[in-house]
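Biologist: I'm new to this structure, and I'd like a close look at one part of its interior. Pick a residue to start from, and work outward from there.

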Amino acid sequence: MNNKHLKRLLRVIIKTFLTIMVLILIAVLSYYVTTLYYNSPSVKNGNSNIIEKIKSNYKVEDISKNAIISIKDDAIQNIMIEIFNKNTNNVDYLTIPANTQFDLSADLYQKLYTLEIDIPQIIIFSDLNKYFQGDELYQYTSLILGDLLETKISYYTVVSPDTFKNLFEDVQKYRSYKSAINDEDAGAITELYIMNIYTKDALNEIKNILGNKEGIQTYLEELYNGINSNLTLKNRLKYLDYYAQVREEQIYFHKIYGTDKKSTFVADLLQTRNLIEEIQNNDTYTLAQFDGGQSDVVIISSKDKVISIYNGANVSGLAKNFRDKLTSEGFTISSINNYDGGTLTNTKIVIKENGFGLDLLSYFSNAEIEVGEVPEGVDIMIILGSNDGK
């Protein structure tokens, strides 16, 4: 190799080396500037003030959102968001399972990091007490809820498990919707879900004070004796005139969209955000939710129905596994077979009559249900899909 070629090679090597060093320097400086910014007193104080504003600078809003949190042994056991629209007087309650798993947004995660809060980016609500204690748990839960749902939580109300149980009870409902998790799936998902509604005693108590300002004030004063809230009673009573205009048919209950995955609930955030937007834009409710306003379908128990299971997932032993599981839960499985109609992605539950099979939906991932032809002597035919073979 002559000197001319050697010099050219050295120039290329040096140029490449300098380019790499410049890129590394830019990356280091960017990281340094970002860290310096987020660790600056003004930004740190700004992050802290996010909490303080929720607690101290609360102002009455046209649409307020109250995070109702039930705590047991320092851990979150129940979450509901109460959405009150003072313009329409609609009151909507949104159930959020405590085992909901979620990802913190990059922005909120960075802010928590700069505040030296060592929290994983993927976490479950019921685990938040490992990183926050006391009032911080409620304050940051409210922040995280708002961040997840892309809405502002106005204030929080913390109640004991006994108080929550006296106010709300679990009910089973079902609904069909197009999943926002997988846009490629054009089919509607029908799911059985559990949400919280008023207990009969709580509803009767509410009925007795509707339209009665003095009765509502007394109710709130008694409630505040046993709760922890960052909205003072004085500020809560600013809503009194609006509360007094609420009618029974304006109280609705919902649950966030998502899927049960073993020990966690995976929220369909896009669909849930759309639900909240719809709630906020609704006109005044004139029909009771479970009396014409929304479908209140009677769920017929499948435990006295004849069920046949077909393996449509091409997974060996899957039908037997589900037969054993459902039999242990009290269902009657007459037979298991291989499905000859091809491989399914989602499990399909084919029912003989409307109302059948709804209590089976919770055993499967994104199962679909339809009235259709079933074998003679069978009430329900379950065709297992590959999503339930994982």
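Modeller: Let's start with Phe-168, which counts as buried because its relative accessibility is 5%, and the limit for that label is under 20%. Keep in mind that we're looking at a predicted model.

Phe-168 has ring partners. Its ring and that of Phe-164 have centres 5.1 Å apart and planes at 45 degrees, so this pair is tilted. Phe-164 is buried too, with a relative accessible area of 4%. Now turn to Tyr-198: its ring centre is 5.5 Å from that of Phe-168, and with the planes at 10 degrees this pair is stacked. Phe-168 belongs to strand S7 (residues 168–177) and Tyr-198 to strand S8, so the stacked pair ties together parts that are 30 residues apart in sequence. Tyr-198 is also buried, at 10% relative accessibility.

These rings are part of something bigger. Tyr-93, Phe-164, Phe-168, Tyr-198 and Phe-253 make up one aromatic cluster. Across the structure there are 15 aromatic pairs.

Next, find Asn-196 in strand S8, which covers residues 189–198. Asn-196 has a relative accessibility of 5%, so it counts as buried. If you skip its neighbours within four places in sequence, Asn-196 is in contact with Met-80, Thr-95, Phe-164, Phe-168, Glu-169, Asp-170 and Phe-253. You've met some of those names already: Phe-164, Phe-168 and Phe-253 belong to the aromatic cluster.

From here we can step over to the empty spaces. The model has 3 cavities of 30 Å³ or more, and the largest of them has a volume of about 420 Å³. Its lining is made of 22 residues, and those closest to the centre are Glu-82, Tyr-93, Tyr-198, Ile-206 and Tyr-219. Tyr-93 and Tyr-198 should ring a bell, since both are in the aromatic cluster. As for which parts of the fold surround this cavity, S1, S2, S3, S6, helix H6 (200–209) and helix H7 (213–224) each give two or more residues to the lining. H7 gives the most, with 4 residues. By type, the lining divides into 18 nonpolar, 2 polar and 2 charged residues.

Some of those strands turn up again in the largest nonpolar core. This core has 40 residues, and the members that touch the most others are Ile-76, Ile-96, Ile-119, Phe-125, Leu-128 and Ile-144. At least two core residues come from each of these elements: strand S1 (63–72), strand S2 (75–85), strand S3 (91–96), helix H3 (106–114), helix H4 (135–149), strand S6 (155–159), strand S12 (264–267) and helix H10 (269–281). The largest share belongs to H4, with 8 residues. For a feel of how one member sits, try Ile-76: leaving out residues up to four places away in sequence, Ile-76 touches Ile-69, Ser-70, Ile-71, Ala-98, Phe-125, Ser-126, Leu-128, Leu-137 and Thr-141. Apart from this core lies another one, of 31 residues, and here Tyr-198 shows up again, with Ala-202, Leu-220 and Tyr-243 also among its members.

Before we leave the interior, look at Gly-258 in strand S11 (residues 258–261). Gly-258 is buried, because its relative accessibility is 3%. In space its C-alpha is 9.3 Å from that of Asn-366, although the two residues are 108 apart in sequence.

For contrast, here are a couple of spots that are exposed. Asp-74 sits in the loop between S1 and S2. With a relative accessible area of 60%, Asp-74 is exposed, since that label needs over 50%. Its phi is near 70 degrees, a positive value in a residue other than glycine. Most residues other than glycine have a negative phi. Asn-314 also has a positive phi, of about 60 degrees, without being a glycine. Asn-314 is found in the loop between strand S13 (306–311) and helix H12 (318–328), and it is exposed, with a relative accessible area of 67%.

If you want one thread to hold on to, follow Tyr-198: it stacks with Phe-168, it is one of the residues closest to the centre of the largest cavity, and it is a member of the 31-residue core.

Definitions and conventions
Residues are numbered from 1 along each chain as its sequence is written. This is a predicted model: local features need pLDDT of at least 70, side-chain atom pairs count only at pLDDT 80 or more; totals for chains, interfaces and linings use all residues. Side-chain values use heavy atoms; hydrogens and water are left out. A nonpolar core is a set of buried Ala, Val, Leu, Ile, Met, Phe, Trp, Tyr and Cys residues joined through side-chain atoms within 4.5 Å. Buried means under 20% relative accessible area, exposed over 50%, partly exposed in between (1.4 Å probe, protein chains only). Contact means heavy atoms within 4.5 Å. On a 1 Å grid over the protein atoms alone, a cavity is a set of points where a 1.4 Å probe fits but cannot get out, and a pocket is an open set with protein on both sides within 12 Å along at least five of seven lines; lining residues have an atom within 4 Å of a point. Grid points are joined across faces, edges and corners, and a volume is the space filled by probe spheres set on the points. Ala, Val, Leu, Ile, Met, Phe, Trp, Tyr, Cys and Pro count as nonpolar, Asp, Glu, Lys and Arg as charged, and the others, Gly among them, as polar. Rings of Phe, Tyr and Trp (its six-membered ring) pair if their centres lie within 6.5 Å; planes under 30 degrees apart count as stacked, over 60 as edge-to-face and the rest as tilted.
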